[in-house]
Amino acid sequence: MSFWRRLICSCRRRSPWLFHMNAGSCNGCDIELVASLTPRYDVEQLGIQLRGSPRHADILCISGPVTHGTAEAIRTVYGQVMAPKAVVAIGSCPASTNAFVGSPSVDGPLNKHIPVDVFIPGCPPRPDAIVRGIAKAVSILAERAERPAADAAAEEGAQ
Amino acid sequence: MNVLSALARLLIFPGLLFAIPAGWLFLWIERKVVARAQRRVGPPFMQPFFDFMKLMGKETPLRQGPGGQFVKAWPLLSVAASAGALSLLPVLPRSGGFTGDLVLLLGLLELPSFFLIVAGFSSRSLFGEIGSAREAALSISYNLVFLMAAVSLGVAQGSFQLDDLAQAPASPLRWLGIAAMVLCLPAKLHLNPFSIPDAEQEIYAGPMTEYAGAELGLWELAHGLEWVASIGLVACLAIPHTGIAVADALVFVVLSILAVVLLAGLAAATARVTIDSAVRFYGWSAAAVAVVLAAGTLLVRLRL
């Protein structure tokens, strides 16, 4: 790998930007994600920033069991995040639809709609678990950037 | 020789070679001061560099047609205009070459804001359009004060030439001009009481909503250069020039850093105001500056 690509990969590891999306969550996980930005956990030390636009993001954080109303929006926003990207599912809801299993208004779990890289279980997960999950997503992101071709093939397969 | 010295100004000091790391340093100081004010640790020293390099390695959305080409061009033009403004800063005494005046410098400083407005509209995102409309309203209102500041500097020194302005001794009207410029800086740099155009979370990312990857990286770079250019302008006008190049440059850098810390402190201590309060604030400021300026000018003329 050339010096230029190595440099960009190492920078990518240190500057993950998040876009947070609520897919019908009860707000519990959303509050815990915001708590990880506050002084006690302060994820900005790791270069993590919560961005306003999905275009700016590297990591898409999704909480909630995916309701019928949000399923289409999730696919749209996933398409708006530019490659290389990773998806983190926050809480038990996107993993298994949790307490909402069997509900007529829920169209989960999340990996039915988009490929998910990291599941962070918990109802809600603690902020340190979220930070750890994001750190894991960052290393997946960096590996993915080193092998863009293999990743594109995997994504085709997932869809 | 003239071409060489102009090129050196554009590319080395106070141009790109100095200003890009300085812009990153300023962005880091701003984020660090805000973090410390909130009792957080804050980002590591190299963070703006990491962010920039990462953005350079990311994909950009497909843009088609001439409109798409323009959308791509705005951030680049913005970097170019900021670099041009930087090269005009009268930090070092000039030895011939191209000498611009204050009007050209203010024009170049204002161009990135103009490009941001056009970029927001041409990205055709709803949030981009709201952000651009806000930026346009804010830019018109703070520019009243900013241009008034330029007029007061010109009247105080009897010249718009940057070298004359930098070398001349300070006078009360000049300090009025500098104070008015400082008043405009938070709005010019989109800092907290006036972070209205790219109000994060509120209107997603304002004019930058549709920008990604390298294009967004160029916007961030242009923003860093804007920091250096506009703070540098105030620092240039406020420092006494000794004539020794190294001392001048050092005082310039120290004063700039001090200004960044103050602006970041203000950003940490305040919350975002609405666009009408911001416009009203700058309207009243413009009226106040105008009254003092008219009185001061009359005094200067009568003494002559």
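Author: A residue is called buried if 20 or more other C-beta atoms lie within 10 Å of its own, and exposed if 12 or fewer do. We shall apply these cut-offs to a predicted model.

Reader: Why is Thr97(A) called buried or exposed, whichever it is?

Author: Around Thr97(A) there are 22 other C-beta atoms within 10 Å, and since the cut-off for a buried residue is 20 or more, Thr97(A) is buried. This residue sits in the loop between helix 4 (92-96) and strand 5 of chain A, and its phi is positive, about 65°, although Thr97(A) is not a glycine. Most residues other than glycine have a negative phi.

Reader: How do you know whether Asn27(A) is buried or exposed?

Author: Asn27(A) has 12 other C-beta atoms within 10 Å, and because 12 or fewer is the condition for an exposed residue, we conclude that Asn27(A) is exposed. Asn27(A) too has a positive phi, near 85°, without being a glycine, and its place is the loop between strand 1 and helix 2 of chain A.

Reader: What makes the peptide bond between Ala83(A) and Pro84(A) worth a name of its own, and what is its omega?

Author: This peptide bond is cis, with omega about -5°, whereas most peptide bonds are trans. Pro84(A) lies in the loop that runs between helix 3 (68-80) and strand 4 (86-90) of chain A. A cis bond also links Cys123(A) to Pro124(A), where omega is near -5°, and Pro124(A) belongs to the loop between strand 5 (118-120) and helix 5 of chain A.

Reader: How do you know what span to expect for helix 1 (residues 3-14) of chain A?

Author: The expected span is 1.5 Å times one less than the number of residues, so the 12 residues of helix 1 of chain A should span 16 Å, and this agrees with the 17 Å that separates its end C-alpha atoms. Several residues of this helix, namely Ile8(A), Cys9(A), Cys11(A), Arg12(A) and Arg14(A), are buried, and the buried residues of the helix pack against helix 5 (127-146) of chain A together with helix 3 (47-56) of chain B.

Reader: What makes strand 1 (residues 17-22) of chain A a partner of other strands, and how many bridges join it to strand 3 (residues 59-63)?

Author: Two strands pair if at least two bridges are found between them, and five bridges join strand 1 of chain A to strand 3 of chain A, in a parallel arrangement, so the condition is met. One of the residue pairs here is Asn22(A) with Ser63(A). On the other partner, strand 2 (residues 49-50) of chain A, two bridges are found, again parallel, which is just what the condition of at least two asks for. In that pairing Leu18(A) is opposite Leu50(A), and Trp17(A) has Gln49(A) as its bridge partner. Strand 1 of chain A is also mostly covered, five of its six residues being buried.

Reader: Why are strand 2 and strand 5 of chain A said to stand at the edges?

Author: The five strands of chain A form an open sheet in the order 2-1-3-4-5, with parallel pairing. Strand 2 and strand 5 of chain A each have a single partner strand, so one side of each has no neighbour in the sheet.

Reader: What makes Ala180(B) a buried residue, and how many C-beta atoms surround it within 10 Å?

Author: Ala180(B) has 27 other C-beta atoms within 10 Å, and since 20 or more are required, Ala180(B) is buried. This residue is part of helix 8 (residues 172-188) of chain B, and beyond its neighbours within four places in sequence Ala180(B) is in contact with Val145(B), Met148(B), Ala149(B) and Val289(B).

Reader: Which residues touch the most other members of the largest nonpolar core?

Author: In this core of 122 residues they are Ile59(A), Cys61(A), Ile62(A), Val88(A) and Val145(B). Helix 9 (residues 213-238) of chain B gives the most to the core, with 15 residues. Another core, of six residues, lies apart from it and includes Trp74(B) and Ile117(B). In soluble globular proteins, nonpolar side chains tend to be buried together.

Notes: Residues are numbered from 1 along each chain as its sequence is written. Chains are lettered from A and ligands numbered from 1 in the order in which they are written. This is a predicted model: local features need pLDDT of at least 70, side-chain atom pairs count only at pLDDT 80 or more; totals for chains, interfaces and linings use all residues. Helices (H or I, at least four residues) and strands (E, at least two) are DSSP runs, numbered from the N terminus. Two residues are in contact if their C-beta atoms, placed from the backbone, lie within 7 Å. A nonpolar core is a set of buried Ala, Val, Leu, Ile, Met, Phe, Trp, Tyr and Cys residues joined through C-beta atoms within 7 Å.
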